[in-house]
Each structure stands twice: as C-alpha cells, then as structure tokens.
Amino acid sequence: MSPLGTGALLAATVTGGLVAGLFTGFAYGVMPALRRVDDATFVRVMRRINEVIPNPWFLLPFLGTPVCAAVAAATHLGTEGQTVLPWLLGGFALSLTTVVVTGVVNVPLNNALAATGESATAARRAFERRWNRANVLRSVTATAAVACLAWGLTLG
C-alpha cells in the first residue's frame with residue numbers, strides 16, 4: 001500500500017471510529033437518559049445539542065471519513081491490492097451512507113425542532129422516535145464502516 005493510501009486509510013479508520021462512537025453513545029447513553037426527562041427539558045436539551053454539534057471537532061471526522069476512505073480506495077484502483085479494495089469501497093459506501101442519513105433525516109428533524117412553536121409535547125412526539133431510529137441506523141452504518149476500514153488495514 002502506498003504511503004498516501006496507508007495514511008488515508010488510517011485517517012478514515014480513526015475518524016470513522018470517532019463518528020461511530022459519538023452516534024452510538026447517543027443511542028445507548030444520551031437518548032435513554034433524555035427519555036426519562038419531561039418534554040420541555042427534552043426539547044430544550046436537544047435544541048442546545050443541535051446548536052453546538054455542527055462545529056469543526058464534529059464536522060472534520062464526520063465529513064473526513066468518507067473523503068479519506070475514497071482517497072484510500074482510489075490509491076488501490078488498478079493495483080495488485082485488489083483484496084483490499086472491496087473493503088475500502090465498503091467502508092466508503094457505509095461512511096457516505098452515515099452522512100446521507102444524517103443529512104436526510106436527522107438534520108431536518110433538528111431544524112424542525114429548532115423552529116417549532118408547538119408545545120414541547122407535540123414537538124417531542126414529532127421528533128424523538130424518528131430521530132432515534134435514524135440515529136441507530138447511522139450508528140450501525142458508521143460502525144460497519146470502521147469494521148470494513150479496519151479490515152482493510154489488516155489486509156494492506
């Protein structure tokens with residue numbers, strides 16, 4: 001594997017792990033804790049989280065994972081490392097799916113929650129179940145991406 005390919009794959013694996021850990025931590029820690037609070041508190045906390053999360057510490061690994069995975073895969077096109085390429089493409093596709101799920105489901109729900117003038121109960125009802133389902137899906141895709149990328153490291 002070329003130094004560029006190795007570096008990109010290592011970066012994709014590390015950043016993917018950070019993303020998978022964040023989303024999975026929400027699935028088994030943050031959201032179950034918020035499930036136990038009243039509606040007004042739930043809405044207030046989720047709004048605050050959604051205000052602070054789009055920052056460079058989140059966006060760099062979140063967007064960097066598919067970019068680095070694509071670079072790693074591109075370095076294997078037409079090379080003798082064809083046993084690694086399917087795993088890198090899988091990691092790329094899964095990390096891109098994580099980004100798409102976030103952009104298509106979670107972000108619009110976050111924006112709707114921020115803009116709603118409804119009661120906290122109605123706002124929570126429109127938000128919580130769909131957001132949690134999408135979060136579990138992106139937790140799975142992000143974790144599977146890391147598994148593919150890590151396997152690519154072992155084969156490379």
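**Exercise 1. Decide how Asp-39 is placed at the surface, and find its salt-bridge partner.**

Step 1. Start with Asp-39: its relative accessible area is 24%, so Asp-39 is partly exposed. Buried means under 20% relative accessible area, exposed means over 50%, and partly exposed is in between (1.4 Å probe, protein chains only). A word on the source: this is a predicted model, in which local features need pLDDT of at least 70 and side-chain atom pairs count only at pLDDT 80 or more, while totals for chains, interfaces and linings use all residues. Residues are numbered from 1 along each chain as its sequence is written, and side-chain values use heavy atoms, with hydrogens and water left out.

Step 2. Now look for the partner. The side chain of Asp-39 meets that of Arg-124 in a salt bridge, 3.0 Å from N to O. The term stands for a side-chain nitrogen of Lys or Arg within 4 Å of a carboxyl oxygen of Asp or Glu.

Step 3. Place both residues in the fold. Asp-39 belongs to helix H2 (residues 39-52) and Arg-124 to helix H5, so the pair ties together parts that are 85 residues apart in sequence. Helices here are DSSP runs (H or I, at least four residues), numbered from the N terminus.

**Exercise 2. Follow Arg-124 to its other partner, Glu-128.**

Step 1. Arg-124 also forms a salt bridge with Glu-128, and their closest N and O atoms are 2.8 Å apart.

Step 2. Check the spacing: the two residues are 4 apart in helix H5, about one helical turn. An α-helix has 3.6 residues a turn, so residues three or four places apart point the same way.

Step 3. Arg-124 has 8% relative accessibility and counts as buried; Glu-128 is buried too.

Step 4. Put the pieces together: Asp-39, Arg-124 and Glu-128 are linked in a network of salt bridges.

**Exercise 3. Describe the salt bridge between Glu-51 and Arg-48.**

Step 1. The structure holds 3 salt bridges. In this one, the side chains of Glu-51 and Arg-48 meet at 3.7 Å, N to O.

Step 2. Both residues lie in helix H2, 3 residues apart, about one turn of the helix.

Step 3. Compare their surroundings. Glu-51 is exposed, at 53% relative accessible area, whereas Arg-48, at 43%, counts as partly exposed.

**Exercise 4. Characterise the aromatic pair of Trp-87 and Trp-151.**

Step 1. A search of the whole structure finds 7 aromatic pairs. Rings of Phe, Tyr and Trp (its six-membered ring) pair if their centres lie within 6.5 Å; planes under 30 degrees apart count as stacked, over 60 as edge-to-face and the rest as tilted.

Step 2. Trp-87 and Trp-151 are edge-to-face, at 6.4 Å centre to centre with 70° between the planes.

Step 3. The pair links distant parts of the chain, 64 residues apart: Trp-87 is in helix H4 (residues 85-115) and Trp-151 in helix H5 (residues 120-155).

Step 4. Trp-87 is partly exposed at 36%, and Trp-151 is partly exposed at 44%.

**Exercise 5. Work out whether Cys-68 and Cys-148 are in a disulfide or in none.**

Step 1. Recall the cut-off: a disulfide is a pair of cysteine sulfur atoms within 2.5 Å. The structure holds 0 disulfides.

Step 2. For Cys-68, the nearest cysteine sulfur is that of Cys-148, 16 Å away, and Cys-68 is in no disulfide.

Step 3. Cys-148 is in no disulfide either. Cys-148 is buried, with a relative accessible area of 13%.
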